[in-house]
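Hello,

Here is the structure I promised to pass on to you. Have a look at it first, and then read on for what turned up in it.

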Amino acid sequence: MAAKAGTEAGEAANLLPEEESQDSSDGRPVGRRHRLSGALRRVLGGYFVPGARTLRNIRCLVRVDSLWLLALAALVGSLAGLVVAAMTHATLLAHAVLFGAPRGRLSGLTALASWRCVVPAIGGLALGLFGVAIRRSLPPRPVDPIEANALHGGRMSLRQSVLIAIQTIISNGAGASIGLEAGFTQLASAAGARLGCFLRVHRADMRLLVGCGAAGAIGAAFDAPLAGAFYAFELVIGSYTMANLAPVALASICATGVATVACSVIPPLHLAPPSALRLRDCLPIAGLGAFCALSGIALMRVVTLIESGFNRTRLPVWSRPALGGAVIGGLALLSPTVLSSGHMAMRAGLMESLTLGRASWLFLLKALASAVSIGSGFRGGLFFASLYLGVLNGAMYGDVLALIGIDPVSVQVCAMAGMCALAVAVIGGPMTMIFLALETTGSFPLTVAVLISALTSSFATRRWFGYSFATWRFHLRGERIRSAVDVGRVRSLTVEHVMQKVPPVIAMTASVGEARRRFEGLQPRYVIVTDELGKYAGLVAADAYNAIGLPEDELLGLLRTDPGTVLRPYESVRDALATF
């Protein structure tokens with residue numbers, strides 16, 4: 001029995017799958033076999049390491065039984081909740097220690113001591129040095145969940161995602177004007193991908209588990225399971241199906257529950273929503289959506305310009321976050337609301353009535369701080385920054401309506417509608433923001449206002465710009481993807497995989513009669529004719545040499561077409577389609 005147990009343990013260790021990663025610059029997976037040491041195998045004695053047969057049975061069950069896939073989705077969601085709790089508490093602790101922020105809520109400070117304004121620069125230097133230390137482990141362009149699902153069948157590197165999450169914690173903890181949501185989704189999605197790789201699930205299920213991780217991360221971050229689920233559908237999975245609804249929703253619910261137990265969800269927001277939305281308010285709210293679309297496009301353009309400016313300075317990459325941190329520290333002297341994600345500042349903007357001048361001033365400061373943070377190399381995203389900027393946009397819009405004498409929409413309605421509309425322009429996903437508003441406020445009239453502004457913003461952004469922030473970054477890198485819809489299979493498919501291995505070939509000096517006799521009964525649509533050296537010389541259609549009245553001594557070379565158009569085996573199917 002002991003020998004059998006030891007044998008099963010050894011077999012299980014040998015059958016552990018390779019850890020997929022994208023260490024190469026072109027994103028191709030590079031395997032690294034993860035083995036248990038011999039001493040650990042002997043200690044386990046086969047009792048805690050499943051044998052080869054057990055692993056095989058589990059993998060088969062996951063492949064054929066959707067109930068087991070639900071269990072995996074729940075596990076991935078729980079892991080996502082733990083990721084959100086750990087990263088949130090780490091950054092709150094950093095804010096409390098480095099900035100003296102009560103309960104770690106940095107953007108809620110009304111004033112900041114001047115000596116603390118050097119913290120972002122020091123944090124940027126630490127981030128740069130950490131990047132130098134891990135440069136061999138982290139490629140220049142790590143694969144995020146959207147790109148993984150679109151190009152790599154959901155495969156992500158867990159090790160690289162952990163390093164990205166650490167960089168995000170350093171960036172946000174030092175006060176950079178970016179959110180943690182990108183780090184949440186990166187690590188949680190990679191956990192789902194690693195689990196799917198271990199169990200060798202189908203390509204579609206792998207992409208689904210990546211979406212479950214992203215859904216759990218956003219659901220736990222905002223205490224909004226529906227918003228998390230539709231974030232996964234719209235941005236990470238790329239489509240909505242009834243079959244995927246249950247696992248994605250379950251993952252989001254489980255993550256929210258774990259984050260709630262870990263006390264990492266944001267405090268509830270208490271607003272006085274309107275009792276009803278007037279019909280005459282719909283047109284001004286639609287105008288707010290268009291205004292937010294313009295603001296979002298301008299923000300994405302400014303981020304690109306600032307990033308290009310940092311690249312033109314020719315400073316070492318590791319030193320750029322320190323310079324960006326110095327700029328952020330100077331902006332924090334003007335208003336501490338520019339620091340970190342902006343949770344408390346956003347809440348204050350929703351609950352207070354901001355004047356046009358103050359809202360405009362805070363909008364400029366926050367937009368500049370966020371653009372400098374991203375452009376200088378801090379790790380993070382614009383998810384929560386876009387929400388706060390949207391609140392300021394809504395307040396500005398409401399104040400302008402009041403100034404020009406139009407019957408104003410409620411300031412809170414404008415702020416909430418602007419919050420979601422600007423986030424739609426930058427992040428994408430209108431349904432995500434609509435459900436976020438519904439779960440945050442519980443008000444149906446307010447959700448209708450958000451629906452109008454979000455859909456208007458989405459349409460206007462696609463019409464005028466064509467990209468969200470994530471897909472715009474892909475475009476700048478030369479990637480031709482606009483969503484997480486799986487195009488990786490097509491991109492990896494070559495002409496060699498789909499071409500006919502033994503095509504009908506005949507010399508161009510052969511006669512029509514010879515071709516008719518050789519290919520009688522085969523009925524190919526085309527035959528390939530070759531020259532005297534046996535090289536491709538063109539195509540001859542079967543209808544051409546089988547034409548009635550054509551003499552049998554006619555040479556096939558006279559009937560050939562496309563003599564100079566060829567496809568090579570290594571060309572992609574996309575290039576082949578373009579040739580056709």
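A good place to start is a group of rings: Phe222, Tyr231, Phe383 and Phe384 together make up one aromatic cluster. Please keep in mind throughout that this is a predicted model.

From that cluster you can step straight into helix α16, which covers residues 383–403. The helix has 21 residues and spans 31 Å from its first C-alpha to its last, close to the 30 Å expected at 1.5 Å a residue. Of those 21 residues, 18 are buried, so α16 is largely enclosed by the rest of the structure. Just after the helix comes Gly405, with a positive phi of about 90°.

Back to the rings for a moment. How many aromatic pairs does the structure hold? There are 11 aromatic pairs. One of them is formed by Phe230 and Phe435, and it is stacked, with 4.7 Å centre to centre and 20° between the planes. Phe230 belongs to helix α10 (residues 225–237) and Phe435 to helix α18 (residues 430–441), so this pair ties together parts that lie 205 residues apart in sequence. Phe230 and Phe435 are both buried. For another geometry, turn to Phe465 and Tyr467: their ring centres are 5.9 Å apart and their planes stand at 75°, so this pair is edge-to-face. Phe465 and Tyr467 are both buried too.

Some wider figures may help you place these details. The protein chain has 25 helices and 5 strands. Of its 580 residues, 52% count as buried. Taking the contacts between residues at least 6 apart in sequence, 77% join residues at least 24 apart.

Next, a serine to click on. Ser373 sits in helix α15 (residues 356–376). Is Ser373 buried or exposed? With a relative accessible area of 0%, Ser373 is buried. A polar atom of its side chain lies 3.0 Å from the backbone nitrogen of Ser177. Leaving aside residues up to four places away in sequence, Ser373 touches Ala176, Ser177, Ile178, Ile328 and Phe378.

Two residues have a backbone angle that you may want to look at. Arg314 has a phi near 60°, a positive value in a residue other than glycine. You will find Arg314 in the loop between α12 (282–312) and α13 (320–334), and at 77% relative accessibility it counts as exposed. Ser340 has a positive phi of about 60° although it is not a glycine. Ser340 is placed in the loop between α13 and α14 (343–351). Its relative accessible area is 5%, so Ser340 is buried, the cut-off for that being under 20%.

Last, a pocket. The second largest pocket has a volume of about 970 Å³. It is lined by 26 residues, and the closest to its centre are Met499, Ile528, Leu539, Leu567 and Phe580. Which elements give two or more residues to the lining of this second largest pocket? They are α22 (495–498), β4 (526–530), β5 (536–541) and α25 (573–579). The largest share of the lining, 4 residues, comes from β4.

Enjoy exploring, and write back whenever you like.

Best wishes

Methods:
Residues numbered from 1 in each chain as written. Predicted model: local features only at pLDDT ≥ 70, side-chain atom pairs only at ≥ 80, totals over all residues. Heavy atoms only, no water. Phe/Tyr/Trp six-rings, centres within 6.5 Å; stacked < 30°, edge-to-face > 60°. Buried < 20%, exposed > 50% of the residue type's maximum accessible area, 1.4 Å probe, protein only. Expected span 1.5 Å × (residues − 1). Polar contact = N/O pair within 3.5 Å; in protein donor to acceptor, adjacent residues only side chain to side chain. Contact = heavy atoms within 4.5 Å. 1 Å grid on protein atoms, 1.4 Å probe; cavity = no way out; pocket = protein on both sides within 12 Å on 5 of 7 lines; lining within 4 Å. Points joined across faces, edges and corners; volume = space filled by probe spheres on them.
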